[in-house]
Amino acid sequence: MKWDESLAVGIGTIDQQHQKLFGLIAQLQTAMGQGESKAVLQDIFKGLLEYTEDHFSHEAEIFAQIGYERAEDHLAKHESFTRKLHELKSQFDSSSNFMIGVDVMTFMTDWLVSHILGEDQKYIPLFKEHNIR
């Protein structure tokens, strides 16, 4: 998957953060194509953990600021993502499973489709109503 404007939510900071996630996916995809996913996974996990901390806290702050009614459900999905990410990292750290790259790629791609292209779209009208750009 590659970033293009059809994936933009129209909120500059959110789109930039989403682009970072796409960059991590592209990096892993390239490494997998070269048979080197295990070599880059440590950096991928580091980037994903930074992404979750920055992006999820940013969204949570905006939700609190504007009183987003679906915040609790949305943030629960963030917590689920973070738990799964830590599970995958733990598997990577404690195993020589060469398929972990495939698991991470599948997980991130599923997240993009279900969350960014689904859940995040639900808050866009309210963000725009509150002039959050």
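Which residues form a nonpolar patch on the surface? In this predicted model, local features require pLDDT of at least 70 and side-chain atom pairs count only at pLDDT 80 or more, whereas totals for chains, interfaces and linings use all residues. Residues are numbered from 1 along each chain as its sequence is written, and side-chain values use heavy atoms, with hydrogens and water left out.

The patch consists of M1, V113 and L117, which together have about 230 Å² of accessible area (Shrake-Rupley method, 1.4 Å probe, only the protein chains shown counting as cover); patch members have over 30% relative accessible area and no salt bridge (a side-chain nitrogen of Lys or Arg within 4 Å of a carboxyl oxygen of Asp or Glu), and nonpolar side chains are joined within 5 Å. V113 is placed in helix α4 (helices being DSSP runs of H or I, at least four residues) and counts as partly exposed because its relative accessibility is 47%, between the limits for buried, under 20%, and exposed, over 50%.

The largest nonpolar core (buried nonpolar residues joined through side-chain atoms within 4.5 Å) has 26 residues, of which L21, L28, L41, I44, L48, V104 and M108 touch the most other members. Helices α1 (12–33), α2 (37–66), α3 (71–94) and α4 (100–119) each supply at least two residues of this core, with α4 giving the most, eight residues. Another core, of twelve residues, lies apart from it and includes I14, I66, Y68 and I124.

H74, in helix α3, is buried, with a relative accessible area of 1%. The side chains of H74 and H115 are joined by a polar contact of 3.2 Å.

Terms used: Buried means under 20% relative accessible area, exposed over 50%, partly exposed in between (1.4 Å probe, protein chains only). Patches are made of residues with over 30% relative accessible area and no salt bridge: like charges are joined within 9 Å, nonpolar side chains (Val, Leu, Ile, Met, Phe, Trp, Tyr) within 5 Å. A polar contact is a pair of N or O atoms within 3.5 Å; within protein, one must be able to donate a hydrogen and the other to accept it, and residues adjacent in sequence count only if both atoms are side-chain atoms.
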